[in-house]
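Student: I would like a close look at a single residue and its surroundings. Please take one position in this model and then set it against the sheet and the cores.

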Amino acid sequence: IANNRASGGGGITLDSYSDGTQLLSNSIVDNRASHDCGGVCISYSNEGVVRSNSIMRNFAGRNGGGLYFYYSANATVDDNTITQNEATAGFGGGVAFYASGVSDGPTGLIRANTTCDNQAGGDGGGLYLYSSAGYNFASNEVCRNQATGDGGGVLLSASGNTTFSGDTIHDNTSGDIGGGLVLNNSGNATLENVQITGNCSDTGE
């Protein structure tokens, strides 16, 4: 899935009740969207699985450079390489989850991904996770991402019941707070065996 252009969902869009769709072992590269979702857009669709894909060098004029879940709960993002994507004027250079939540438990499994060298003009250079019941975040490498705003590596906001386990978050940068990881208004977060090293922010926070 390469070299496609659209106003939204440059590479592929799964929209409105595409529940249970699986994207497995694809190469999603060099796609562009003038608005949101440079590579993959999954909206209003639950139980999606994105596994063992290469999501690289995709571009969004606003949010979600590589992969964007919008109002889509209970997703699995597993064993992907998500690199060199860009959200020029918005959040989530590599991956964005927006309002993708349920009320009774964690809404996403994000496991064993390499999310590196992505850029966001706003918050969440690597990953932007906003407004959900929570996430299980395990064994990921998040490295060398950049955000002009907060959270060079990961920004988790307005979410609860999130567990980080065995992740490595290193060498990310932000223009404001949290070079590596920002937890903002997010209760019940647990970090276990997480390595956060070599990150920096312009404010020193």
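Tutor: A residue counts as buried when its relative accessible area is under 20%, taken with a 1.4 Å probe on protein chains only. The model is predicted. N58 has a relative accessibility of 1%, so N58 is buried. This residue sits in a loop, with strand 8 (54-56) on one side and strand 9 (59-60) on the other. The N58 side chain comes to 3.0 Å from the backbone oxygen of I28. I28 is also among the residues that N58 touches, leaving aside those up to four places away in sequence. The others are V29, D30, N31, G38, G39, G65, G66, Q84, N85 and E86.

Now the sheet. Strand 8 belongs to an open sheet of 7 strands with parallel pairing, ordered 4-8-12-16-20-24-28. Its edges are strand 4 (27-29) and strand 28 (195-197), each of which pairs on one side only. From one strand to the next, the twist averages 5 degrees. Within this order, strand 16 (residues 114-116) pairs with strand 20 (residues 141-143) over 3 bridges, in the parallel sense. There, T114 of strand 16 is opposite E141 of strand 20.

Last, the cores. The largest nonpolar core holds 25 residues, and F69, F97, L127, L129 and V154 have the most contacts inside it. Strands that each supply at least two of its residues include strand 10 (67-70), strand 14 (95-98), strand 18 (127-132) and strand 22 (154-159). A second core, separate from that one, has 8 residues, among them F91, Y128, L155 and V182.

Methods: Residues numbered from 1 in each chain as written. Predicted model: local features only at pLDDT ≥ 70, side-chain atom pairs only at ≥ 80, totals over all residues. Heavy atoms only, no water. Helix = DSSP H or I, 4+ residues; strand = E, 2+ residues; numbered from the N terminus. Buried < 20%, exposed > 50% of the residue type's maximum accessible area, 1.4 Å probe, protein only. Polar contact = N/O pair within 3.5 Å; in protein donor to acceptor, adjacent residues only side chain to side chain. Contact = heavy atoms within 4.5 Å. Pairing = 2+ DSSP bridges. Axes fitted to C-alpha atoms, helices over the stretch in contact; angles between N-to-C directions. Core = buried A, V, L, I, M, F, W, Y, C linked by side-chain atoms within 4.5 Å.
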